[in-house]
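User: Please take a close look at one part of this chain for me. I am a first-year student, so keep it plain, and then show how that part sits among the rest.

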Amino acid sequence: MESQWTEVQNIYVNTSNVSPISALCWDPYHELLWVGNDSGRVVSYYGKGLQRYTSFKMHNDQQVRQIRVTDRSIISLSPKSIQMRDRRGLVKWNISNEQTKNLHCMTSTTLTNGELLVAGQQEDMLVVSAARGVITRTIKGVSNIVVLKSMPRSICAGSLLGEVTLRDPRTMKVEQRVQAHTATLSDLDVSGNLLLTCGFSQRQGSLIMDPLVKVYDIRMAVRTLAPIPFPSGPMFLKMHPTLSTTCLVASQTGQFQLCDVSSLTMGSYGLSAQFFQVQTSSYITAMDISSSAQTIAFGDGNSMIFQCADREDFDVNPYSLPLIAPDIVQPPTTTLSEDTSLSNIGMPYYTDPLLSVWPNTTVYEVGHQPAHLDEEILKNMKTIDFVGYAPNPGNIHRNQAPRKKKTNAKRNVPKFRSEQERELLQSKNGLLDPDDLSHSGRRSSSVGDLSANDPTVTIMPRYYHRVEIQYSKFGVDDFDFGYYNSTPYGGLETHIRNSYCNSFLQMLYFTLPLRMIAKSHIKISCPKDNCLLCELGFLFRMLEDSNGQNCQATNFLRAFSTIPQANALGLFEPETPTRGLSYSLLIQNFTRFVMEQVHQESNVPGDNPLIFKPLIRKIVQVPSGETECLDTPSTMQQLFGLQTVSQSRCSNCLNQVSRVTYPFVVDLLYPKKNDRKSRKRTFASILKASMYRENQTKAWCSHCRQYQPTATKKVICGLPGVLLINSGAANSDESVIWRQNGPNVTKTTPASTQEQAENEQSGAAEESPAFSSWLPERIGIRINN
C-alpha cells in the first residue's frame, strides 16, 4: 500500500502494422507476459527484461478480447472464435461456428477445471470442454454479458446494461441481482465476499463515466459499501493477488491507484490516496498485475507495453516453472586457408541424387539445324535417283548455305543488365550483329507514337501502366530501371506496401518551396519521433542525389504507419486489396491527412517566417469594418492554404460570426443531374462555385441562445502559392461532365491562309480537325477586397 511504483521499462510490440493492445495476462506458472492485439496476434515476453519468446497469429484479423492461461496451454478469445495453443504456438483445438457470433469474455467453472464458460452479445452462454475443444451445452437466455468472474460458490456476470448477476454454478440460475450502473459496465472483479464494479451512467442521452468504484458485500444479500473515489474515471479493476481487500484501479489516461477497501468500510480513512501515472502518449487499453503483486503491465493504443514495479529486485511469480528453450545448433568450426579443401565445409543432407550428377552416357553432341532452302531453289529442282538438282539462283555462293540470323523476339520488358553485358561481349567478338543489340533506355514505342495511334487518349498510355520488377539470380540490382526512366529524376518503387502514395510524394518533391522547407527542417534538432516532415526532407534529399536511380519511400511509409490517426482513417493499404477498394478515395484522404500533419509539425506559433508576400494579413472580422491583424500562418498554410473567412449570420438576430481558416484542398462541387446547363458549365465556373459557397443551415446562435436558421458564406481573402484541386468525380454522373467536355470532343478549326492557298491550288479545300480540352491551360482568379 505504501510502496512507490516506478516505471521499469517500456517496449514496442513490433508487428506488421500499428495495432492497439487489447489483452494482457501474466503467466502464473512461468516468467511470461502474454499480449494480444486488435489484429489477432498473440506475443509472449520472457523474464524481467521482457525478451520476446513466441509470436503467432491466433485469429484472422479479429481482436483478441481475453487471454486465459492454464498449466499446459493458453486460451485466446476473439469475437468469432476460441482457440487453445501450447506456449510454443502449436494449435490444440479451435472453435469457430454459427454459435460463436460476438463473444466478449470467458471464465472457468468452479466445479470442474475442464470446462469454460463463454458469453458475449449473443443469446446463449456456451459451455466448452477444455480437454476436447467442443461445445458441450448451451445456456439459454444469458445475453449481453461483457465480464465473467468465477467465485467459489457462484459465477459473477456483468452485462452491457450495467447489471451484475450472481448465478449458481450447477444450474446457472440467477440467485442475486444488482444494478451497479445505469449504462454499460466497463470492468468488475471479485475477492472473497467483495464485489467491485466500474462503468458508465446515462445522463441527458449520453454516456458519462462514473467517478466512483462501486463496492458490494455479497455474503448473504447484496449490500452496498462505501465507494472508492477515482476522479480521473475508473476503467480497469484488478484485485490484489496477496491482499484480499486491496484493489488496483486504473483509468484510460494512465493514472492508477492501490486502495484498501476495508479502511473505507470500517470508517477509518488512514493515509491519503496516492496516485501514480503511466507516461503514455496514447490511451490505456489493457492492464494486469502479476501473481507476486510486485509488477504491473499496461498496454496502450500505440502497441506499447509499460511495466511498473514497487522494488528494484522484483519477481513475476513466487514460484515459476522452468521454460522450454529452443535447441541451439553449434555450427561446425572450419578454418579456411589457401590450402584448405572446400570439401571440409560439408554439404546438406539429401537422399536423392543431385541434378548436377549428369552421367556421360546421356551427353551427346548435336550440330546446328539444317538451314531452310530457298523457295526458288525448290521450285526449279529436278530429282534424279532420289537426288535433287537445281541451278544456283545467284544470291548465294556455290556449295554454301547461310546460317539464319537469330531473331530477337520483341518484348515489352527490359533485358537484365547481365544479358546486355553478355550481348555486348558477343558483339565485340563478332558472334552477334551490333544492330541486334537493345540497350537500356530504348522503348518499343514513344510518346509520339501513342499520340498518333490514339489521338483521343481513350486508352491508358503504356508509361502509366503498372510495372512489375523482374528478379534474376543476381537479385533486384540486375533489373534495368533505365529502360523506363531515361531522365535524371529518380523514381519510387511500387512493390512495397502503401506505394499508392508515390505519385503524391513526387508531386510534393517538384514543389520547390516545400522541398526547401523539408530540407531545412532536417538540419534542426526535431524532438518528435516519427516526424513526417523529417522523413520528407530525407526522401527529397535522396531523390536529388539519385541522378535517375530508383529509390524507395520505405522510411516515410514506416513513420506514416505508426500514426494511430492514419490507421483510424483507414489510410493503410490492406495486405490483400479487395475488389471494392477505392484508391481514388484513398489518395484524397491521404492528401488531406499529410497536409494537415506536416502543417502541425512545421508550425511555430509566433515565429513563422513569411515566405509568400501576397499573403493578406488584415481581414475584416466584424460588419463595422474593424480589422484585426492576424499572426503569420505556418509555412504550409502560406504555401498551400487558401485563406478563407467563414461568415455565419443568424437569420433572427442578424448576429454575424467570422472565422479564418486555411483549407489545403478545394473539392469541386458538380451541378446536379437535372441541371440543364450542366453540360455548358466551364471548369472555371465550377471552380468558382466550389470556392465561394453559400448555404442555409440550422446552427446554434450564441446571441439567441437557441438553434436558428443560419446563412453560412465562405469568402476567399488570399490565394496560396500552390492551389490543390480535388476533382472528386465519385460517381458516373460527375464523370459525364469530364467525358462530354473532355479531350474526346472534337471541333473543326479553319486552316490558315497559307494552307488555304495551297489547298486551292491543289483543288482540295477541307478543314483540319482539332481536339479541344475542357480543362484550360491556365486560369485567373481575381479577389475583390
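User: Is M347 buried or exposed, and which residues make the nonpolar surface patch with M347?

Analyst: M347 is exposed, because its relative accessible area is 61%, and over 50% counts as exposed. This is a predicted model, so every value here is computed from predicted atoms. M347 sits in the loop between β30 (304–309) and α2 (375–379). There M347 helps to make a nonpolar surface patch of about 420 Å². Its partners in the patch are Y350, L354 and V357.

Now set that patch against the whole chain. The accessible surface of the chain comes to about 47,700 Å². Carbon and sulfur atoms hold 51% of that surface. The chain has 785 residues, and 39% of them are buried. It contains 14 helices and 42 strands. Take the contacts with a separation of 6 or more: 51% of them join residues 24 or more positions apart.

For contrast with M347, look at another loop residue. S154 lies in the loop between β14 and β15 (155–159). S154 is buried, because its relative accessible area is 8% and the limit for buried is under 20%. Leaving out residues up to four places away in sequence, S154 touches L166, R167 and P169.

Next come the charged side chains. Side chains of opposite charge can pair when their charged atoms come close. The model has 15 salt bridges. One of them joins K140 and D124, with the closest N and O atoms 3.3 Å apart. K140 is in the loop between β13 (134–139) and β14 (145–150), while D124 is in the loop between β11 (115–120) and β12 (125–129), so the pair ties together parts that are 16 residues apart in sequence. K140 counts as exposed, at 62% relative accessibility.

A second pair is D667 and R592, whose side chains meet at 3.0 Å, N to O. This pair links distant parts of the chain. D667 belongs to strand β37 (residues 665–667), and R592 belongs to helix α10 (residues 583–602). They are 75 residues apart. D667 is partly exposed, with a relative accessible area of 24%. R592 is also partly exposed, at 31%.

A third pair is D217 and R223. Their side chains meet in a salt bridge of 3.0 Å, N to O. The two ends have their own settings: D217 is buried, with a relative accessible area of 5%, whereas R223 is partly exposed, at 46%. R219 joins in as well: D217, R219 and R223 are linked in a network of salt bridges.

Last, the cysteines. The model has zero disulfides. C259 shows how that comes about. The nearest cysteine sulfur to C259 is that of C247, 5.4 Å away. A disulfide needs two cysteine sulfur atoms within 2.5 Å, so C259 and C247 do not qualify. C259 counts as buried, at 10% relative accessibility. C501 is buried too, with a relative accessible area of 0%.

Back to where we began. M347 is exposed, and M347 shares a nonpolar surface patch with Y350, L354 and V357.

Key:
Residues numbered from 1 in each chain as written. Predicted model: local features only at pLDDT ≥ 70, side-chain atom pairs only at ≥ 80, totals over all residues. Heavy atoms only, no water. Buried < 20%, exposed > 50% of the residue type's maximum accessible area, 1.4 Å probe, protein only. Salt bridge = Lys/Arg side-chain N within 4 Å of Asp/Glu carboxyl O. Helix = DSSP H or I, 4+ residues; strand = E, 2+ residues; numbered from the N terminus. Contact = heavy atoms within 4.5 Å. Areas by Shrake-Rupley, 256 points an atom, 1.4 Å probe, with all protein chains shown as cover. Patch = residues over 30% accessible without salt bridge, like charges linked within 9 Å, V, L, I, M, F, W, Y side chains within 5 Å.
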